[in-house]
Amino acid sequence: MARSRATTRLPTILCQTTKQQYLHQQPLRGPVLRRLYHSYDHPPPPGVFTATEQAILSAAYCHVPEYGFTQHALSLGARDAGYLDISTNLLPEGPFSLICYYLVTQREALASRSEAIFNAQGEVQTPDKVELLTWERLLANQEVNHRWQEALAVMAQPSHVPASLRELGLLADEIYYLAGDTSVDPSWYTKRGSLSMIYASSELFMTNDHSSGFGETRAFLQRRLEETVSMRKALGSIAQWVGFTASAGVNMLRSKGVRL
């Protein structure tokens, strides 16, 4: 005996009804896409930390000068923020979460300070702005400089290296963006790559600097930036020479009747 249309269509109707109910109850969620560059045409991405995480981490940072970037500092921060010690389980990466919070907040703070920095110096060119912003970011480490080698050791752990390098790249991009860099050629990458290396080496140099006002660190930073500019100019001159020589060679071969 053949099944009726109603019986045949029943599984399909139930499937569609269940699907509609599910779609009605569950919000549609697509992948969260985050830009790794600055854009004038799009709103800024959402914050990295939730309100609870930010409350614990901001309170924990107050204990870093005394206890370092440690689990103990996180526990004290949770108490200060009105949470139980177990609330630090919201931060599965432990002390590295505190380090990331510090890096992100200091990077984001550069934007609000950049205008005052530039106005205090008068009219400055992009390379000078890059030096000023990089130095400003290094100075932000003053309070935790005696703890920063411990933080670098945590960041150097294999599981944390990718995130650490990504944040370093974001810092370099932020500095060049605030400095007004408008390059769209391959130098966009070389500038940020070289600044990342210079900043990392300057930061490490600063942890052993006991000079007044970290003057030796600033001199070190300025030397590295000047070397980079000189190297970039030299490479540019070499590229021009190669281009001129190649063009002259092609023209000579064409004058001899060679088809190219």
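This report walks through a predicted model of a protein, from its overall layout down to a few single residues.

## The overall layout

Let's start with the big picture. The protein has 10 helices and 0 strands, so if you follow the chain from the N terminus, the elements simply read α-α-α-α-α-α-α-α-α-α. Of its 260 residues, 34% count as buried.

How do the contacts spread along the sequence? Take the contacts between residues at least 6 apart: 66% of them join residues at least 24 apart.

## The largest nonpolar core

Now look inside. The largest nonpolar core has 23 residues, and the ones with the most contacts inside it are F69, L98, I99, Y102, V144 and W148. Four elements give two or more residues to this core: α2 (51–61), α4 (71–80), α5 (95–121) and α7 (148–155). Helix α5 brings the largest share, with 7 residues.

F69 is a good one to click on. Leaving out its neighbours within four places in sequence, F69 is in contact with V64, P95, L98, I99, Y102, V144, R147, W148 and A151. Apart from this core lies another one, made of 22 residues, including F118, L132, I198 and L221.

## Helix α2 and its cover

Helix α2 has several residues tucked away: E53, I56, L57, A59, A60 and Y61 are buried. What lies over them? The cover on the buried residues of α2 includes α3 (64–67), α4 and α5.

## Where α6 meets α9

Two packed helices are described by the angle between their axes and the distance between those axes. Here, the axes of α6 (residues 126–139) and α9 (residues 187–206) come within 11 Å and cross at roughly 40°. An angle under 35° would count as roughly parallel, and the crossing of α6 and α9 is therefore oblique. That crossing is right-handed.

Which residues make the contact? On the α6 side they are V130, T134, R137, L138 and L139, while α9 supplies L195, Y199, S202, E203 and M206. Sorted by type, the residues of this contact split into 6 nonpolar, 2 polar and 2 charged.

## Two residues in helix α8

Helix α8 (residues 161–178) holds A163, and E167 sits in α8 too. Is E167 buried or exposed? Its relative accessible area is 11%, so E167 is buried, as the cut-off for that is under 20%. Not counting residues up to four places away in sequence, E167 touches L103, V104 and R107.

A163 has a relative accessibility of 37%, so this residue counts as partly exposed. Try finding F96 as well: A163 and F96 are 67 residues apart in sequence, but their C-alpha atoms are 9.9 Å apart in space.

## An unusual angle at F214

Most residues other than glycine have a negative phi. F214 goes the other way: its phi is positive, at about 55°, although F214 is not a glycine.

Where is F214 found? You'll see F214 in the loop between α9 and α10 (215–255). Even though it belongs to a loop, F214 is buried, because its relative accessible area of 12% falls under the 20% cut-off.

Methods: Residues numbered from 1 in each chain as written. Predicted model: local features only at pLDDT ≥ 70, side-chain atom pairs only at ≥ 80, totals over all residues. Heavy atoms only, no water. Axes fitted to C-alpha atoms, helices over the stretch in contact; angles between N-to-C directions. Parallel < 35°, antiparallel > 145°, perpendicular 65-115°, else oblique. Left-handed = near helix turned anticlockwise from the far one by under 90°. Contact = heavy atoms within 4.5 Å. Nonpolar A, V, L, I, M, F, W, Y, C, P; charged D, E, K, R; others polar. Core = buried A, V, L, I, M, F, W, Y, C linked by side-chain atoms within 4.5 Å. Buried < 20%, exposed > 50% of the residue type's maximum accessible area, 1.4 Å probe, protein only.
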